[in-house]
Amino acid sequence: MYSNTSSALDVRALREHMTGAVTVPGDSAWDLARQAWNLSVDQHPAAVAEPETVADVVVVVEYARAVGLRVAAQGTGHSAAPLGSLQDTILVKTHRMRTVEIDPDRRRARAQAGAVWADVVVPVSEHGLAALAGSSHDVGVVGYTLGGGLSWLGRKHGLAANSVAAIQVVTADGRVALVDADHEPDLFWALRGGGGSFGIVTAIELELHPVDELYAGMLAFPWERAGEVLRAWREWTRTVPDEVSSLGRILQFPPLPDIPEPLRARSFAIVEVAYLGDEPSGAELLAPLRALGPEIDTFGMVSPEGLLQLHMDPPHAVPGAGDGAQLDVLPAEAVDALVAVAGPGSGSPLLSVELRHLGAALARADAGHGALAALEGDFALFAVGVAPDADAAATVRAHLDVVREALTEWNSGRRFLNFTERPIDTRAAFPAAAYRRLQAVKTLVDPDDLFQSNHPIAPID
Ligand SMILES: Cc1cc2nc3c(=O)[nH]c(=O)nc-3n(C[C@H](O)[C@H](O)[C@H](O)COP(=O)(O)OP(=O)(O)OC[C@H]3O[C@@H](n4cnc5c(N)ncnc54)[C@H](O)[C@@H]3O)c2cc1C
């Protein structure tokens with residue numbers, strides 16, 4: 001049906017067959033079309049397709065195959081940094097497909113490919129339900145879930161990838177498949193935690209959890225107390241039930257008008273907690289941390305929707321560079337090593353350096369799990385800095401290395417795809433047997449490696 005004989009990409013036929021838009025270099029909308037959420041990433045694909053229907057996605061896949069291009073799905077571009085060159089790739093931006101349907105009786109939400117977490121969390125919250133959303137309102141539901149998905153309810157309910165009922169996906173041969181535990185179970189398994197290497201997901205059906213309200217908030221301390229506070233938080237994590245998910249972080253707020261006055265241009269040591277329980281028992285659990293005398297205490301009962309504000313993620317697109325690590329354990333010496341490179345006097349250029357408490361359901365491989373069965377280790381590190389230009393990006397990246405190196409002794413070497421914003425050897429994200437199975441699925445469904453992903457799984461040669 002399609003051919004690409006001229007040296008410039010001829011997308012007329014593609015445009016004719018699509019409801020959505022197709023943009024190529026030279027078009028007036030080109031710079032806007034190619035932009036990712038992470039503004040520090042300068043994407044130069046062969047073309048950008050913005051499908052509006054599943055049929056549009058099929059058309060793009062068939063066109064790309066026919067003209068010898070690859071295809072990369074992008075929901076928001078939060079994880080655009082590791083994608084690599086898009087020179088021979090059509091970037092498929094799914095943001096026009098954002099419909100969310102909720103079935104409160106079955107506790108399910110079906111989100112189209114371009115939905116972001118606020119699109120799901122806000123309406124399901126009205127039904128007393130919660131999805132296993134991440135900290136940010138505008139991270140893509142699909143990209144986050146395919147990468148595993150570490151949520152505020154994670155220690156109680158596990159990874160988001162393992163609370164998925166079904167996935168609609170366009171495969172490399174242009175087929176629209178609805179995969180679940182009974183239909184194409186290997187592909188269903190691979191998508192849940194194995195990332196975006198297996199097709200273009202057009203919709204995902206999420207299992208929801210009954211949650212009316214939670215006790216949640218943050219305690220903020222002057223950052224000079226970072227060592228003391230993070231050590232106390234680390235001790236405290238050993239005592240908490242599965243209902244408590246928390247993180248400890250060092251945060252240097254930039255002097256931006258977006259940031260409220262008491263926080264702007266100041267640095268803090270912060271503990272954030274979400275507790276699936278009521279206020280009296282939450283206050284009792286929190287007492288040892290409150291006894292440290294925080295400067296700011298925001299705890300109270302919130303709906304699941306309220307959790308989207310807890311982490312103070314950026315309200316809109318920003319330029320940034322980040323990286324993570326999985327820590328087996330976090331002894332007091334590890335906290336000290338972290339504070340030495342990210343706390344007062346360290347000269348750290350990083351905006352946020354956080355440790356998320358893992359374990360409980362996040363560490364259990366329940367029956368029917370996907371490619372990422374569980375997160376190994378007790379804590380996940382994620383650090384990020386603002387990178388408005390190449391020099392700032394280089395400074396931030398160099399310091400991300402400093403932070404990772406400082407924690408080498410406790411780093412398991414395992415990677416969590418969602419907390420990895422650089423190209424890595426994707427084998428580091430999975431146990432060897434899971435990686436082999438992912439490669440076998442990739443070889444079956446996409447032997448020619450049509451789909452380009454931020455963290456690729458390569459077919460077997
Ligand atoms: C501010 C911020 C907060 C975050 N908070 C959390 C958190 O709390 N927990 C957590 O686990 N992670 C978190 N993350 C990481 C986030 O989950 C990953 O960056 C994730 O990949 C983002 O998905 P996206 O669709 O928004 O990004 P994109 O860059 O659009 O997509 C990332 C990758 O997902 C795949 N993908 C996306 N859409 C499709 C599709 N339709 N079909 C097939 N593949 C697709 C592709 O491989 C793509 O390269 C956070 C990131 C940021 C920047």
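**Stop 1: the second largest cavity.** Select strand E13 (244–252) to begin, since E13 gives the most residues to the lining of the second largest cavity, three of them. What you have open is a predicted model. Now add the rest of the lining: Leu 150, Ser 151, Trp 152, Ser 245, Ser 246, Leu 247, Arg 356, His 357 and Leu 362. Besides E13, strand E18 (352–357) also gives two or more residues to this lining. The space inside comes to about 70 Å³. Colour the lining by class and you will find four nonpolar, four polar and one charged residues.

**Stop 2: the largest cavity.** How many cavities of 30 Å³ or more are there? The count is five. To find the largest cavity, with about 90 Å³ of space, select Val 121, Ala 131, Ala 133, Pro 304 and Leu 307, which are the closest to its centre among 13 lining residues. Next, show helix H4 (117–125), strand E7 (129–130) and helix H10, as each of these supplies at least two residues of the lining. Which classes of residue line this cavity? Eleven are nonpolar, two are polar and none is charged.

**Stop 3: the ligand.** Click on the ligand and show the residues around it. There are 33 of them, and Gly 75, Thr 76, Ser 79, Gly 140 and Leu 150 come nearest. You have already met Leu 150, which is also in the lining of the second largest cavity. Which element gives the most to this shell? Look at helix H5 (141–146), which gives four residues. Strand E3 (70–74) and strand E10 (200–207) are also among the elements that supply at least two each. By class, the shell divides into 14 nonpolar, 17 polar and two charged residues.

Now zoom in on some oxygen atoms of the ligand:

- A polar atom in the side chain of Thr 76 is 2.5 Å from a ligand oxygen.
- At Gly 77, look at the backbone instead: an N or O atom there lies 2.9 Å from a ligand oxygen.
- The side chain of Ser 453 has an N or O atom 2.9 Å from a ligand oxygen.

How much of the ligand does the protein bury? Taken alone, the ligand exposes 950 Å², and the protein buries 96% of that.

**Stop 4: the second largest pocket.** Keep Gly 75 and Thr 76 selected and add Gln 35, Lys 93 and His 95. These five lie nearest the centre of the second largest pocket, which is lined by 16 residues. The volume of this pocket is about 320 Å³. Seven of its lining residues are nonpolar, five polar and four charged.

**Stop 5: two unusual backbone angles.** Most residues other than glycine have a negative phi. Select Glu 184, which has a positive phi of about 50 degrees. You will find Glu 184 in the loop between strand E9 (176–180) and helix H7 (185–194). Then move to Met 312, whose phi is also positive, near 55 degrees. Met 312 sits in the loop between helix H10 (307–310) and strand E17 (320–327). Are these residues buried or partly exposed? Glu 184 is partly exposed, with a relative accessible area of 32%, and Met 312 is partly exposed too, at 29%.

**Stop 6: Arg 422.** Finish in the loop between helix H12 (390–406) and helix H13 (432–445), where you can select Arg 422. Arg 422 counts as buried because its relative accessibility is 18%, under the 20% cut-off. Show Asp 323 as well, and you can trace a polar contact of 3.4 Å between the two side chains.

How values were computed
Residues are numbered from 1 along each chain as its sequence is written. This is a predicted model: local features need pLDDT of at least 70, side-chain atom pairs count only at pLDDT 80 or more; totals for chains, interfaces and linings use all residues. Side-chain values use heavy atoms; hydrogens and water are left out. On a 1 Å grid over the protein atoms alone, a cavity is a set of points where a 1.4 Å probe fits but cannot get out, and a pocket is an open set with protein on both sides within 12 Å along at least five of seven lines; lining residues have an atom within 4 Å of a point. Grid points are joined across faces, edges and corners, and a volume is the space filled by probe spheres set on the points. Ala, Val, Leu, Ile, Met, Phe, Trp, Tyr, Cys and Pro count as nonpolar, Asp, Glu, Lys and Arg as charged, and the others, Gly among them, as polar. Buried means under 20% relative accessible area, exposed over 50%, partly exposed in between (1.4 Å probe, protein chains only). A residue is near a molecule or strand if one of its heavy atoms lies within 4 Å of it. A polar contact is a pair of N or O atoms within 3.5 Å; within protein, one must be able to donate a hydrogen and the other to accept it, and residues adjacent in sequence count only if both atoms are side-chain atoms. Accessible areas come from the Shrake-Rupley method with a 1.4 Å probe; for residues, only the protein chains shown count as cover.
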